[in-house]
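Reader: Take me inside this model, please. I'd like a close look at what is packed in the interior and at any empty space left there.

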Amino acid sequence: GHFQYNTVALGLALWSFHYMTMPATFANCIGGSILFCLALNFKQMTLYYAPAVFAYLLGKCFVEHSSGNKSCLFLVRFLALGVTVIVTFAALWIPFVVSRSEGVTASESMLQIVQRLFPFQRGLYEGKVSNLWCVLSTKPLSFRRRVPERFQPICALVTTLSLCLPSCICAFNVGRKHLTREAQSQHLRSLLWAAAGTSLSFFLASFQVHEKSILLPLSPLSLLVADAPLLCFWFSITSAWTLWPLIETDRIQSAYFACIVVFALASLLYDRPF
């Protein structure tokens with residue numbers, strides 16, 4: 001049961017990218033923000049996309065309009081996005097607060113949810129995740145043993161944000177450009193690349209990473225196969241291979257090999273990525 005629930009959050013996130021990059025009015029960004037909030041609340045790992053989404057939408061707030069004050073327009077758009085996020089989160093979290101156990105305050109109920117969503121007590125990484133900290137924790141480096149636990153989250157945060165920064169800058173610059181029907185494809189591709197970049201940064205360097213988090217960068221990259229077929233093919237194969245411990249746990253080895261063969265044949269027919 002490691003994989004079946006992730007598809008809902010990934011689907012909502014990809015749909016949010018589609019709506020955010022639709023030309024017309026800023027209302028499309030509002031709709032995309034609602035979908036992204038739903039994805040984020042369905043599966044907290046969708047937070048890996050958040051820096052790219054925030055940077056792109058922030059850039060959209062700066063897009064000039066033929067009429068109206070530039071500063072006023074930015075403020076209206078920024079506040080509209082903020083209110084959208086707050087209202088969506090409130091609508092999803094209020095039932096948990098209302099139906100809390102007797103004797104538990106609203107703040108305690110919220111804190112319990114946050115602790116479940118972000119289990120820092122589990123340590124730097126989990127299982128056999130193939131990220132930087134797992135590699136650096138092998139001998140002779142032994143990062144996990146040599147660095148005090150209280151400093152590990154800080155190291156992970158600084159490294160993750162540093163790796164995310166280039167993707168966020170690109171997403172922001174693209175978001176600032178005026179969106180037309182001709183440029184929609186470029187905006188969507190740029191947002192997908194940025195989302196893949198930030199999510200891969202989180203997978204490689206963030207705190208408490210699970211093996212299946214590799215699905216986050218793999219999802220947007222799968223839609224970019226026309227831009228980089230060789231990269232997408234080998235990244236998909238490698239990502240699936242890193243999931244082998246979970247595949248063994250769920251006893252889906254036959255499905256794994258069948259899907260790999262079908263995927264390889266389809267890729268061979270498409271663009272010969274070998």
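Author: Let's fix one word before we start: buried means under 20% relative accessible area, exposed over 50% and partly exposed in between (1.4 Å probe, protein chains only). Keep in mind that this is a predicted model, where local features need pLDDT of at least 70 and side-chain atom pairs pLDDT 80 or more, while totals for chains, interfaces and linings use all residues. Residues are numbered from 1 along each chain as its sequence is written, and side-chain values use heavy atoms, with hydrogens and water left out.

Ser 142 puts that word to use: its relative accessibility is 5%, so it counts as buried. Look for Ser 142 in the loop between helix H6 (132-136) and helix H7 (143-146) (helices are DSSP runs of H or I, at least four residues, numbered from the N terminus). Its phi is near 50°, which is positive even though the residue isn't a glycine. Arg 251 also has a positive phi, about 55°, without being a glycine. Arg 251 sits in the loop between H12 and helix H13 (253-271), but at 71% relative accessibility it counts as exposed.

Now for the packing. The largest nonpolar core (buried Ala, Val, Leu, Ile, Met, Phe, Trp, Tyr and Cys joined through side-chain atoms within 4.5 Å) has 55 residues, and Phe 17, Tyr 49 and Tyr 56 touch the most other members. Among the helices supplying at least two residues each are H1, helix H2 (27-42), helix H3 (50-61) and helix H8 (152-175). Helix H9 gives the largest share, eight residues. Zoom in on Phe 17: beyond its neighbours within four places in sequence, it is in contact (heavy atoms within 4.5 Å) with Phe 36, Tyr 49, Val 53, Leu 188, Leu 191, Leu 192 and Ala 195.

And the empty space? There is one cavity of 30 Å³ or more, meaning a set of 1 Å grid points where a 1.4 Å probe fits but cannot get out. It holds about 60 Å³, counted as the space filled by probe spheres set on the points. Its lining (an atom within 4 Å of a point) includes Asn 6, Ala 9, Lys 43, Thr 46, Tyr 49 and Leu 215. Helix H1 (6-20) and helix H10 (215-222) are the elements giving two or more lining residues, with H1 supplying the largest share, four. So Tyr 49, a partner of Phe 17 in the contacts above, also turns up in this lining.

Note on methods: On a 1 Å grid over the protein atoms alone, a cavity is a set of points where a 1.4 Å probe fits but cannot get out, and a pocket is an open set with protein on both sides within 12 Å along at least five of seven lines; lining residues have an atom within 4 Å of a point.
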